[in-house]
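Me: Please take a close look at a single part of this structure, the small open sheet, and describe how it is put together. I would also welcome a short account of the backbone and the cysteines elsewhere.

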Amino acid sequence: MHILVSGAGIAGSTLAWWLARTGIRVTLIERDPSSVGKGHNIDVQGSALSILERMSLLDTLKANNTGERGTTVIDQHGKTLASFPLETGLSPTNPHEILRGDLCGLLHAAAMKQSGVQTVVGRIDPGSVLVNEKGVTASLHDGRPLSGDALVICDGQWSHLRSHLYDPSDITVVDKNFFSFYATIPREEQDGDQWWLCSVDRRRMLTTRPDPHGSTRAMLLKVPCDAREKESLEAASRAPIAHQKALARTLFSSTGWQAKRLCDGIDKSDDFYLHNVKQIRMARWVTQDRIICLGDTAYCPTPLTGMGAPLAILGAYTLAGELSILEDDATRIPQAFSRYEKIYREHVEKAQEIPLGSLLPGIALPSSWLGVTVLRTFLACLARLCSTPWIADRLRGDGK
């Protein structure tokens, strides 16, 4: 059996590794291998950790940890208001934080060590994809032909292949009304090992986080205050990078703390992007019996859930399991795809639920200074409670 996989990111590389272990040949098609190695912090948790351990990658994951040791809330003057050390088990920092690019890199390297896995650099021409009783044929944009028993699409949230091969009614984009400006900037000694959070008025937040490469990851978070601001941010998400950087400065330069440093760093950064946060929900993951979507392409949950990487890894593992029991009988691929969707859809739908529902992210980014003060007071009280040993034990579920 031979499976074509469009996208060599977290889902695609994990799927390739597990398929190859069962003797199934895999061709990974990746348009731009250099882009796979980019991205900011992601969490790996739950069953995904067990899967990585079975792949002998858990120690590598830990070795590539970002080095973040907790979360600290500060005001616009840099004064510490609340601290949530990782050791308490109650910190927003995950013990298995890793940069998306680092996780993609270690998964892809592991996949390429498996016999039967090859990577082709290029992009599938959506109009060339044909499905018949023998499988799937296609060609890259440069004309190179491809053929396999099935095609798995996991080339990102805004996949052109998915848009071309699925009916628009199959794809629902859920707007979360939230925008993130991301950039890698030079590290300064004061950055330390904390995730620094500074929330200010007009639904804005400035944050920095450590990485294992000697730099700092800056994030400027924004919830639109009104329709005009929403329209401006939506337009910027489709505009050239220079326009996006200018908008970041306009929105955040007067917020205090390290606003000037962060805006200056964004201007000079060559690793910058503006994320218009939206979920992907699909009515069906399978089309034409031999084509299926996986990972963010099928069910992007957004960073608000912290479940993007875990869903991609577990989804790839589950799909590989269904294909592996076919005993090289490609005629039963449609049944395997159907079983996978039936098994995994309920888990995905639960994982896509945003904590506190419609209150996030707005509750963390108040519009007024009064709201900011209330939020800061609540977090300061919570931090003090969590630092009390017997309360911390009960919050973690360790109390008797």
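Reply: The sheet is described first, followed by backbone angles and then cysteines.

This is a predicted model, in which local features need pLDDT of at least 70 and side-chain atom pairs count only at pLDDT 80 or more, while totals for chains, interfaces and linings use all residues. Residues are numbered from 1 along each chain as its sequence is written, and side-chain values use heavy atoms, with hydrogens and water left out.

The open sheet has three strands in the order E8-E9-E10, paired antiparallel. Strands here are DSSP runs of E with at least two residues, helices are runs of H or I with at least four, and both are numbered from the N terminus. Two strands count as paired if DSSP finds at least two bridges between them. Strand E8 (130-132) and strand E10 (145-148) form the edges, each pairing on one side only. On average, neighbouring strands of this sheet are turned by 15 degrees against each other, direction ignored; the axes are lines fitted to C-alpha atoms, and angles run from 0 to 180 degrees between N-to-C directions.

Three bridges connect E8 with strand E9 (residues 135-139) in the antiparallel sense. Leucine 130 has threonine 137 of E9 as its bridge partner. On the other side, E9 and E10 run antiparallel and are joined by four bridges, with alanine 138 opposite leucine 146 in E10. The hairpin of E9 and E10 has five residues between the strands, and glycine 143 there takes a positive phi near 100 degrees.

In a regular strand the side chains alternate between the two faces of the sheet. In E10, Leu146 and Gly148 belong to the covered face, whereas Pro145 and Ser147 belong to the uncovered one.

Turning to the backbone elsewhere, most residues other than glycine have a negative phi. Arginine 202, however, has a positive phi near 55 degrees; this residue is found in the loop between strand E13 (194-200) and strand E14 (204-210). Tryptophan 257 also has a positive phi, near 50 degrees, and lies in the loop between helix H8 (241-252) and helix H9 (259-268).

Finally, a search of the whole structure finds zero disulfides, a disulfide being a pair of cysteine sulfur atoms within 2.5 Å. For cysteine 154, the nearest cysteine sulfur is that of cysteine 293, 8.9 Å away. Cysteine 154 is buried, with a relative accessible area of 9%; buried means under 20%, exposed over 50% and partly exposed in between, using a 1.4 Å probe and protein chains only.
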